[in-house]
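Subject: The structure we talked about

Hi,

Here is the structure I promised to send over. Have a look at it first, then read my notes underneath.

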Amino acid sequence: MGNSLPAQAFTEFFDVLKASIDLHDLADRLDLRRKGKDGNYHSPHHPDKSPSLSITPNGLGWKDWSSEMGGSCIDLVLYCMPELQTPMDAARLLGEWYGIEVPKASGGNQ
């Protein structure tokens, strides 16, 4: 197809991001407000009286109970930063923030 980077390289990159990034740290970077040190976070899309965004106990998944949205670190970035268009845009930003190198395309075109 139009990519000179194998799909497996993207999959592995995404898997490393998902396994390496603690969502509580990411929520802090995304300036999500939290109720207390151990509470849920407020949704970034609307004011909520009770914080509706929770992070799973293992810190690798999240869900906003007010919208039923959830997923991985990549999904959280897309949810909080709608100006990013694709999962790859979010993954590149996460790679920058966390020092995880984005795979390079072999043909010079990335």
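The protein has four helices and three strands. If you walk along the sequence, they come in the pattern α-α-β-β-β-α-α. Keep in mind as you click around that this is a predicted model.

A few overall numbers to get your bearings. Along the principal axes, the C-alpha atoms fill a box of roughly 50 × 25 × 20 Å. The protein has 110 residues, and 40% of them count as buried. About 6,700 Å² is exposed, with carbon and sulfur atoms supplying 52% of that area. As for charges, there are 10 positive and 15 negative ones, and the mean positions of the two groups lie 6 Å apart. I also looked at contacts between residues at least 6 apart in sequence: 46% of these join residues at least 24 apart.

Now for the sheet. How are the three strands ordered in it? The order is β1-β2-β3, the sheet is open, and the pairing is antiparallel. β1 (53-55) and β3 (69-71) are the edge strands; each has a single partner strand, so one side of each has no neighbour in the sheet. From one strand to the next, the twist averages 10°.

In case pairing is new to you: strands of a sheet pair through backbone hydrogen bonds, and they can do this in a parallel or an antiparallel way. Here, β1 and β2 (residues 62-64) are joined in the antiparallel sense over three bridges. If you want one to find on screen, go to S54, whose bridge partner in β2 is K63.

Which helix packs on the sheet? That is α3 (residues 73-80), and α3 touches β1, β2 and β3. The direction of α3 makes about 30° with that of β2.

One last residue to look up is H45. You'll find H45 in the loop between α2 (23-29) and β1. Is H45 buried, partly exposed or exposed? Its relative accessibility is 45%, so H45 counts as partly exposed, given that this class runs between 20% and 50%. Try picking S66 as well: H45 and S66 are 21 residues apart along the chain, and their C-alpha atoms are separated by 9.6 Å.

Happy clicking, and write back if you get stuck!

Cheers

Definitions and conventions: Residues numbered from 1 in each chain as written. Predicted model: local features only at pLDDT ≥ 70, side-chain atom pairs only at ≥ 80, totals over all residues. Heavy atoms only, no water. Helix = DSSP H or I, 4+ residues; strand = E, 2+ residues; numbered from the N terminus. Buried < 20%, exposed > 50% of the residue type's maximum accessible area, 1.4 Å probe, protein only. Contact = heavy atoms within 4.5 Å. Areas by Shrake-Rupley, 256 points an atom, 1.4 Å probe, with all protein chains shown as cover. Lys, Arg positive; Asp, Glu negative; His and termini not counted. Charge placed at Lys NZ, Arg CZ, Asp CG, Glu CD. Pairing = 2+ DSSP bridges. Axes fitted to C-alpha atoms, helices over the stretch in contact; angles between N-to-C directions.
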